[in-house]
Amino acid sequence: MTAHFDHIGKNGNKIFNGADDNASGTAALLSMAQQLTLYPPQHDIILLFTDGEESNLKGAKAFIKEHIDILADIKLNINLDMLAGSKRSQQLHFISRGLNKVLSTNQLATLKNIQENSAIDLKKGFKSMSGARNGASTNSWINASDHGVFHKAHIPFIYFGVGVHKNYHELSDTYQNINLQLFIGAVESIYQQFIFIDNNI
Ligand SMILES: [Zn+2]
């Protein structure tokens, strides 16, 4: 499981805090660590906090480069990047590739059921910035965050995020401006999906 902890830095003395992008994913990974301690999973899990995501996915690329020897053992990357959105964000989105390499058709159907019955509004695919839903925008989302690096290394992935919103890469991406309810529901939903995958992969 991956989440990047870097953000875009400073402009003069103004700090871009990046509450949604990606303190939210980082906090979710810490929460996951707590859950995994209480309820040990079936599989070994790497909780990878990446740096340099905003500088062309540097941290994820370094991880892949330095761990060639274990790549064949990595069944899946679950990447968390922007789980809390703005106050107006109402949905969590996801995309995945290669899940059929690690889960059967029946298991995928059950996972889909879990996703559809999620406590929050969980949508497959992302809208483009203009609001249109099309293949091109989904393709660009494949390389939009650290999961793209795992994808290039032929590792299946699921990526969770809220999509682009008004505070994205702005000074207004602060804790006060996130949707806390959406974030809490997102973490819960991702954990439930994780448990199913861990028990079935
Ligand atoms: Zn990000």
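Where in the chain is the place of Leu-57? In this predicted model, Leu-57 lies in the loop between β4 (48-50) and α2 (58-66), and the legends below return to this residue after an overall view.

**Figure 1. Overall view of the predicted chain, with its 6 helices and 8 strands.**
Followed along the sequence, the helices and strands are arranged in the pattern β-β-β-α-β-α-β-β-α-β-α-α-β-α. The radius of gyration of the chain is 16 Å, close to the 17 Å that the globule rule gives for 201 residues, so the chain is as compact as a globular protein of that length. The C-alpha trace spans about 50 × 40 × 40 Å along its principal axes, and buried residues account for 48% of the 201 residues. Of the contacts between residues at least 6 apart in sequence, 79% join residues at least 24 apart. The exposed area of the chain is about 10500 Å², with carbon and sulfur atoms supplying 52% of it.

**Figure 2. Close-up of the largest nonpolar core, which holds 34 residues.**
Met-1, Leu-80, Leu-83, Leu-92, Phe-160 and Ile-190 are the members that touch the most other members of this core. Two or more residues each come from α1 (19-38), β5 (77-80), β6 (91-97), β8 (157-161) and α6 (180-200), and among these elements α6 gives the most, with 9 residues. A second, separate core has 10 residues, including Phe-63, Ile-74, Phe-150 and Ile-155.

**Figure 3. Close-up of Leu-80 and the residues in contact with it.**
When residues up to four places away in sequence are left out, Leu-80 touches Met-1, Thr-2, Ala-3, His-4, Asn-22, Gly-25, Ala-28, Leu-29, Phe-160 and Ile-190. Of these contacts, Met-1, Phe-160 and Ile-190 are, like Leu-80 itself, among the core residues that touch the most other members, while His-4 is also one of the residues that coordinate the zinc ion.

**Figure 4. Close-up of the zinc ion and its donor atoms.**
The zinc ion is coordinated by NE2 of His-4, by an OD atom of Asp-21 and by two OD atoms of Asp-81, at 2.0 to 2.6 Å. The 4 donor atoms subtend angles of 54 to 150° around the zinc ion, which makes the arrangement irregular; for four donors to count as tetrahedral, all angles would have to lie between 85 and 135 degrees. The spacing of the donor residues in sequence is H-x16-D-x59-D. Distant parts of the chain are linked here, with Asp-21 in helix α1 and Asp-81 in the loop between β5 and β6, 60 residues apart. Asp-21 is buried, at a relative accessible area of 2%, and Asp-81 likewise counts as buried, at 3% relative accessibility.

**Figure 5. Close-up of backbone geometry at Asp-21, Asn-22, Leu-57 and Met-82.**
Most residues other than glycine have a negative phi, and most peptide bonds are trans. The peptide bond from Asp-21 to Asn-22, however, is cis, with omega near 5°, and Asn-22 is placed in helix α1. Leu-57 has a positive phi, near 60°, and this residue of the loop between β4 and α2 is buried, with a relative accessible area of 10%. Met-82 also has a positive phi, near 80°; Met-82 belongs to the loop between β5 and β6 and is buried, with a relative accessible area of 5%.

**Figure 6. Close-up of Ser-86 in the loop between β5 and β6.**
Ser-86 has a relative accessible area of 2% and is therefore buried, the cut-off for that class being under 20%. Leaving aside residues up to four places away in sequence, Ser-86 touches His-165, Lys-166, Asn-167, Asn-177, Ile-178 and Asn-179.

**Figure 7. Close-up of Leu-108 in helix α3 (residues 105-116).**
Leu-108 counts as partly exposed, at 26% relative accessibility. Its contacts, without residues up to four places away in sequence, are Leu-99, Asn-100 and Leu-103. Leu-108 and Asn-200 are 92 residues apart in sequence, and their C-alpha atoms are 9.9 Å apart in space.

How values were computed. Residues numbered from 1 in each chain as written. Predicted model: local features only at pLDDT ≥ 70, side-chain atom pairs only at ≥ 80, totals over all residues. Heavy atoms only, no water. Core = buried A, V, L, I, M, F, W, Y, C linked by side-chain atoms within 4.5 Å. Buried < 20%, exposed > 50% of the residue type's maximum accessible area, 1.4 Å probe, protein only. Helix = DSSP H or I, 4+ residues; strand = E, 2+ residues; numbered from the N terminus. Contact = heavy atoms within 4.5 Å. Donors = N, O, S within 2.8 Å, 3.2 Å for Na, K, Ca; no water. Tetrahedral: all angles 85-135°; square planar, octahedral: opposite > 155°, others 65-115°. Rg over C-alpha atoms; globule rule 2.2 N^0.38 Å. Areas by Shrake-Rupley, 256 points an atom, 1.4 Å probe, with all protein chains shown as cover.
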